[in-house]
Amino acid sequence: MNNVNLWTSPEHALRYLGKADKIPHRTEGEAVLLSQVPKNVKRILDLGTGDGRLLALLKIERPQMQSIAIDFSPTMLELVKTRFAEDKTVEIIEHNLDEPLPNLGLFDAIVSSFAIHHLTHERKFDLYTEIYQLLEPGGIFCNLEHVSSPTPELHERFLKAIDMEVAKDDPSNKLLDVETQLDWLRKIGFTDVDCYWKWLEMALLIGVKINGIAD
């Protein structure tokens with residue numbers, strides 16, 4: 001498993017942001033995610049917040065919620081700080097998801113958008129476990145994610161669909177199939193686990209915490 005991560009590079013971050021709004025069907029996945037997060041949540045954690053796009057969408061109908069946004073890209077951190085400069089309900093923390101999450105208290109919802117696939121598979125599993133432990137009983141985890149295709153041909157089809165040359169495929173990506181990740185969430189203790197939306201290599205994985213801390 002490669003451990004390449006280019007997201008400390010301003011050029012890499014800005015190149016992604018230049019294309020993010022043009023990714024086909026992205027807004028469909030975001031709309032499903034927004035529909036699943038209760039409007040009365042009091043506290044939410046956004047992992048790999050980027051420029052704060054998803055958090056800003058969540059706050060449209062949840063202006064009262066307190067939120068913590070985590071990222072480690074200097075470029076993204078500057079952008080999200082600018083976006084929420086006047087919003088006292090948003091706390092921004094610099095943290096690399098390769099490392100265990102700090103003790104941030106409990107959350108009603110934890111979300112992530114196209115970030116966790118940059119972690120090694122072992123770290124993905126550990127992070128999912130940490131997420132479960134940080135959720136209040138009844139809390140929801142929503143991961144709008146870049147997942148792997150079952151065949152190289154389908155992967156190339158996805159790259160073509162998003163206007164990406166195969167030779168320029170992001171080496172930071174460590175893609176994993178939907179089924180494995182859903183199985184992990186169930187083993188950790190999440191319930192109502194499912195893929196709530198999918199288009200090619202873009203998928204929304206959701207699980208809910210019902211009981212106490214996982215064994």
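Two strands pair if DSSP finds at least two bridges between them, and the views below lean on that rule. This is a predicted model, in which local features need pLDDT of at least 70, side-chain atom pairs count only at pLDDT 80 or more, and totals for chains, interfaces and linings use all residues. Residues are numbered from 1 along each chain as its sequence is written, and side-chain values use heavy atoms, with hydrogens and water left out.

**View 1. Asp46 of strand E1 and its partner across the sheet.** Here Asp46 stands opposite Ala69 in E2. Strands E1 (residues 43-47) and E2 (residues 66-71) run in the parallel sense and share 5 bridges. Both names follow DSSP runs: helices are H or I with at least four residues, strands are E with at least two, and numbering starts at the N terminus. Helix H5 packs on the sheet, where it touches E1, E4 and E5, and its direction makes about 145° with that of E5. For such angles, axes are lines fitted to C-alpha atoms (for helices, over the stretch in contact), and values run from 0 to 180 degrees between N-to-C directions. Contact means heavy atoms within 4.5 Å.

**View 2. The whole sheet, edge to edge.** Stepping back a little, we meet an open sheet of 7 strands with mixed pairing, in the order E3-E2-E1-E4-E5-E7-E6. At the edges stand E3 (90-94) and E6 (191-199), each with a single partner strand, so one side of each is left without a neighbour in the sheet. From one strand to the next, the twist averages 15°. The protein as a whole has 7 helices and 7 strands, arranged along the sequence as α-α-β-α-β-α-β-β-α-β-α-α-β-β. Among its contacts between residues at least 6 apart in sequence, 73% join residues at least 24 apart.

**View 3. Strand E5 and its two neighbours.** Of the 12 residues of E5 (residues 135-146), 9 are buried, so this strand is largely enclosed by the rest of the structure. Buried means under 20% relative accessible area, exposed over 50%, and partly exposed in between (1.4 Å probe, protein chains only). With E4 (residues 107-113), E5 pairs in the parallel sense over 6 bridges, and Ser113 has Leu144 of E5 as its bridge partner. From E4 the chain passes through helix H5 (residues 121-134) to reach E5, in a right-handed β-α-β crossover. Right-handed here describes a clockwise path from the first strand over the helix to the second, with the strands pointing away from the viewer. With E7 (residues 202-208), E5 pairs in the antiparallel sense over 7 bridges, and Asn143 stands opposite Leu205 of E7.

**View 4. Arg123 on helix H5.** Where does Arg123 lie? Its place is in helix H5, and at 8% relative accessibility Arg123 counts as buried. Leaving aside neighbours within four places in sequence, Arg123 is in contact with Leu97, Asp98, Glu99, Pro100, Leu101 and Glu130.

**View 5. The buried face of helix H2.** The buried residues of H2 (residues 26-36) are Arg26, Gly29, Glu30, Leu33 and Leu34. Seen down the axis of H2, they fall within an arc of 140°, so they line one face of the helix. The arc is that of the directions from the helix axis to the C-beta atoms. An α-helix has 3.6 residues a turn, so residues three or four places apart point the same way.

**View 6. Two cysteines, with no disulfide to draw.** Cys142 counts as buried at 0% relative accessibility, whereas Cys195 is partly exposed, with a relative accessible area of 22%. A search of the whole structure finds 0 disulfides, a disulfide being a pair of cysteine sulfur atoms within 2.5 Å.

**View 7. Positive phi at Asp192 and Leu200.** Neither residue is a glycine, yet phi of Asp192 is near 50° and Leu200 has a positive phi of about 50°. Asp192 sits in strand E6 and counts as exposed at 53% relative accessibility. Leu200 lies in the loop between E6 and E7 and is partly exposed at 30%.

**View 8. Asp163 beside a residue from another part of the chain.** Asp163 belongs to the loop between helices H6 (152-161) and H7 (178-188), and this residue is exposed, with a relative accessible area of 68%. Asp163 and Ile23 are 140 residues apart in sequence, and 8.7 Å separates them in space, C-alpha to C-alpha.
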